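Me: I'm new to this structure and would like a close look at one part of it. Pick a salt bridge that ties distant bits of the chain together, and walk me outward from there.

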Amino acid sequence: MKKALFSIAMGGALAFSASAYAAGDMSSMDMSGGAKQSADAKNGMSHGEVKKIDAAAGKLTIKHGPLENLGMGGMTMVFKAKDPAMLSQVKVGDKIDFVAEEIDGALTVVTLQKQ
């Protein structure tokens, strides 16, 4: 009988300690599910290089570093230009700073500056 009670007590203690360990110190965790982003990250500029300009389609191909506000790593991809006038401000090979957002399901450059 003593062994059974001891086993039950140890099992309970182990289960409690395992769950406490798994919870850990969660004070630094963002529990918002990614919905809350700092204003700096959301408005921060990304850096890139113009690889192609498609004026007819209103699109830019940009080789870029991380897009913090979109949670994307660096890569080369095509973006829609929010304002077609942006396309005339740059040429292939230009280094740029830009902000991209997802608008109506399309990755769109909303701010563009030459470096």
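Reply: Let's start with E49 and K95, whose side chains meet in a salt bridge, with N and O 3.1 Å apart. The two sit in distant parts of the chain: E49 belongs to strand β1 (residues 46-54) and K95 to strand β4, 46 residues apart. A salt bridge here is a side-chain nitrogen of Lys or Arg within 4 Å of a carboxyl oxygen of Asp or Glu. As a general point, side chains of opposite charge can pair when their charged atoms come close.

Before going on, a word on what you're looking at. This is a predicted model, so local features need pLDDT of at least 70 and side-chain atom pairs count only at pLDDT 80 or more, while totals for chains, interfaces and linings use all residues. Residues are numbered from 1 along each chain as its sequence is written, and side-chain values use heavy atoms, with hydrogens and water left out.

Back to E49. It also forms a salt bridge with K51, where the closest N and O atoms are 3.6 Å apart. That gives a little network of salt bridges linking E49, K51 and K95. How buried or exposed are the two lysines? K51 has a relative accessible area of 38% and K95 has 44%, so both count as partly exposed. The cut-offs are under 20% relative accessible area for buried, over 50% for exposed, and partly exposed in between, with a 1.4 Å probe and protein chains only.

The whole structure holds four salt bridges. One of them joins the side chains of K91 and D94, at 3.2 Å from N to O. Its two ends make a nice contrast: K91 is exposed at 51% relative accessibility, whereas D94 is buried at 9%.

Now for the strands around our pair. From the N terminus on, the elements run α-α-β-β-β-β-β, which comes to two helices and five strands. Helices (H or I, at least four residues) and strands (E, at least two) are DSSP runs, numbered from the N terminus. The five strands close into a barrel in the order β1-β2-β3-β5-β4, with mixed pairing. From one strand to the next, the twist averages 55°; the axes behind such angles are lines fitted to C-alpha atoms (for helices, over the stretch in contact), and the angles run from 0 to 180 degrees between N-to-C directions.

Two strands pair if DSSP finds at least two bridges between them. In general, strands of a sheet pair through backbone hydrogen bonds, either parallel or antiparallel. E49's strand, β1, pairs with β2 in the antiparallel sense over six bridges, and K52 has T61 as its bridge partner in β2. K95's strand, β4 (residues 95-103), is antiparallel to β5, with eight bridges joining them; E102, for instance, stands opposite L107 in β5. Two residues lie between β4 and β5 in their hairpin, where D104 takes a positive phi near 50°. The parallel part of the mix is β3 (residues 75-81) with β5 (residues 106-114), joined by two bridges. K80 finds its β5 partner in T108.

T61 leads straight back to our starting point. It lies in strand β2 (residues 59-64) and counts as buried at 16% relative accessibility. Neighbours within four places in sequence aside, its contacts are E49, V50, K51, K52, T76, M77 and V78. Contact means heavy atoms within 4.5 Å.

What about S46, also in strand β1? S46 is buried, with a relative accessible area of 5%. Its side chain reaches the backbone oxygen of P66 at 3.4 Å. Leaving out neighbours within four places in sequence, S46 is in contact with P66, L67, I96, D97 and F98. The C-alpha atoms of S46 and V99 are 6.1 Å apart in space, though 53 residues separate the two in sequence.

Long-range links like these show up in the totals too. Of the contacts in the chain with a separation of 6 or more, 49% are between residues 24 or more positions apart. Buried residues make up 23% of the 115 residues in the chain.

Terms used. Polar contact = N/O pair within 3.5 Å; in protein donor to acceptor, adjacent residues only side chain to side chain.
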